[in-house]
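Reader: I'm a first-year student, and I'd like a close look at a single part of this model. Please pick one stretch and walk me through its residues, and then show me how it fits into the rest.

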Amino acid sequence: MILNCGDVCPKSGSYKVVDGKGNVVNSVWLKEGQTMPPTQISDCHYEYVS
């Protein structure tokens, strides 16, 4: 599941921040219903871990 900043978090858990080349650059823990925060680097997205 790929999410972008501003999307609503579908379930609580850890999400990795992935850049445009597929490298993991960070991770965040969010609760269900929170808004995905802006990333530090452009062209990144979030992927659910657990």
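**A close look at strand β4**

Author: Let's start with Y46, which is found in strand β4. (A strand is a DSSP run of E with at least two residues, a helix is a run of H or I with at least four, and both are numbered from the N terminus.) Before going on, keep in mind that this is a predicted model: local features need pLDDT of at least 70, side-chain atom pairs count only at pLDDT 80 or more, and totals for chains, interfaces and linings use all residues. Residues are numbered from 1 along each chain as its sequence is written, and side-chain values use heavy atoms, with hydrogens and water left out.

Back to Y46. With 2% relative accessibility, Y46 counts as buried. (Buried is under 20% relative accessible area, exposed is over 50%, and partly exposed is in between, using a 1.4 Å probe and protein chains only.) Its side chain has a polar atom 2.5 Å from the backbone oxygen of P37. Y46 also has a partner from far along the chain: C5 is 41 residues away in sequence, yet the two C-alpha atoms are separated by 7.8 Å.

Now go one step back to H45, also in strand β4. H45 is buried too, with a relative accessible area of 16%. The side chain of H45 makes a polar contact with the side chain of E47, at 2.8 Å. (A polar contact is a pair of N or O atoms within 3.5 Å; within protein, one must be able to donate a hydrogen and the other to accept it, and residues adjacent in sequence count only if both atoms are side-chain atoms.) If you skip neighbours within four places in sequence, H45 is in contact with I2, L3, N4, K16, V17, V18 and D19. (Contact means heavy atoms within 4.5 Å.)

Next comes Y48, and here you meet the one aromatic pair that the structure holds. The rings of Y15 and Y48 have centres 5.2 Å apart and planes at 65°, so the pair is edge-to-face. (Rings of Phe, Tyr and Trp, the last by its six-membered ring, pair if their centres lie within 6.5 Å; planes under 30 degrees apart count as stacked, over 60 as edge-to-face and the rest as tilted.) Y15 lies in strand β2 (residues 13-18) and Y48 in strand β4 (residues 45-48), so the pair ties together parts 33 residues apart in sequence. The two partners have their own settings: Y15 is buried at 0% relative accessible area, while Y48 is partly exposed at 27%. Y48 also has K11 over the face of its ring, at 4.4 Å from the ring centre. (A charge sits over a ring if NZ of Lys or CZ of Arg is within 6 Å of the ring centre and within 35 degrees of the ring normal.)

What happens on either side of the strand? V49 lies in the segment after β4 and counts as partly exposed at 46%. Not counting residues up to four places away in sequence, V49 touches S14, Y15 and K16. On the other side, D43 is in the loop between β3 and β4, and D43 is exposed at 62%. Look at its backbone: phi of D43 is near 65°, a positive value in a residue other than glycine. Most residues other than glycine have a negative phi. That loop between β3 (24-30) and β4 also holds G33, which is partly exposed at 48% and touches V8 and C9, again leaving out residues up to four places away.

Finally, zoom out. The protein chain has zero helices and four strands, running β-β-β-β from the N terminus on. Its radius of gyration is 10 Å, close to the 10 Å that the globule rule gives for 50 residues, so it is as compact as a globular protein of that length. (The radius is taken over C-alpha atoms, and the rule is 2.2 Å times the number of residues to the power 0.38.) Buried residues, H45 and Y46 among them, make up 24% of the 50 residues. Of the contacts with a separation of 6 or more, 54% come from residues 24 or more positions apart.
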